[in-house]
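I opened the model to look up its cores and its strand pairing. My entries follow.

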Amino acid sequence: MSFPRYPKYKESGVEWLGEVPEHWEVQRLKHMAARIPYAIVDGPFGTQLKADDYRPSGVPLVRISNLSFTGKFLEDDLVFIEDSKAEDVSRSTVRRGDVVIGKTGATIGKSALFDYSVKGVIASSCLKISPDPDAVSSAFLGRIIESDGFQKTLLNESGGSTRDTINITPFGNLAVVLPPLA
């Protein structure tokens with residue numbers, strides 16, 4: 001399949017992309033995040049949320065088992081926590097349109113678009129970005145994150161003494177190239 005070419009291209013400065021159409025912009029993820037508190041955030045520290053806190057209903061808790069390398073949200077293993085527990089870890093709230101990403105070990109880069117009408121919470125093995133709708137669509141950002149080039153860059157930026165992890169700052173500093181929103 002061949003795609004029509006744009007009239008002019010430029011070097012993106014993003015290693016995995018190479019040349020891009022001249023009118024596309026290089027952006028760091030942190031500049032695509034909504035202007036709200038905790039637009040890029042990780043899950044609560046492991047001791048703040050334990051399996052004992054899981055309930056059959058309540059606030060959805062998005063765990064690594066709910067993410068995939070194809071960007072699909074997997075509901076089969078979804079668990080819930082009480083409203084009061086969700087309030088305790090509210091910094092890690094996820095809302096419709098947020099993109100959730102696995103941040104630790106062999107699951108770095110698993111992702112999903114959170115598409116629930118109610119808010120949830122992400123687990124300690126995840127981080128999320130709330131996209132600024134004036135900068136990028138959630139669905140498009142999800143597709144960027146699941147792309148091979150982005151996945152390789154994500155792994156290259158991760159590190160750790162016992163197992164690899166991508167933290168908020170390195171994640172937010174990753175560069176991607178965006179076409180105009182329209």
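**Strand β11**

I looked at β11 first and found both of its faces covered: C126 and K128 on one side, and L127 and I129 on the other, are all buried (under 20% relative accessible area with a 1.4 Å probe, protein chains only). Strands here are DSSP runs of E, at least two residues long, and helices are runs of H or I of at least four, numbered from the N terminus. The model is predicted, with pLDDT of at least 70 needed for local features and 80 or more for side-chain atom pairs, while totals for chains, interfaces and linings use all residues. Numbering starts from 1 along each chain as its sequence is written, and side-chain values use heavy atoms without hydrogens or water.

I then checked the partners of β11, where pairing requires at least two DSSP bridges. β4 (residues 40-42) runs antiparallel to β11 over 3 bridges, with V41 opposite K128. β8 is also antiparallel to β11, over 4 bridges, and G102 has C126 as its bridge partner.

**Cores**

I looked up the largest nonpolar core (buried Ala, Val, Leu, Ile, Met, Phe, Trp, Tyr and Cys joined through side-chain atoms within 4.5 Å) and found 21 residues. Elements supplying at least two residues each include β8 (99-102), β11 (126-129) and α4 (148-157). α3 gives the most, 3 residues.

Beyond four places in sequence, F171 has contacts (heavy atoms within 4.5 Å) that include L29, I101, I129 and F150. A second, separate core has 12 residues, among them L78 and C126.

**Open sheet**

I traced 4 strands in the order β6-β5-β10-β7, with mixed pairing. β6 (79-81) and β7 (93-94) are at the edges with a single partner strand each, so one side of each lacks a neighbour in the sheet.

Technical notes. Buried means under 20% relative accessible area, exposed over 50%, partly exposed in between (1.4 Å probe, protein chains only).
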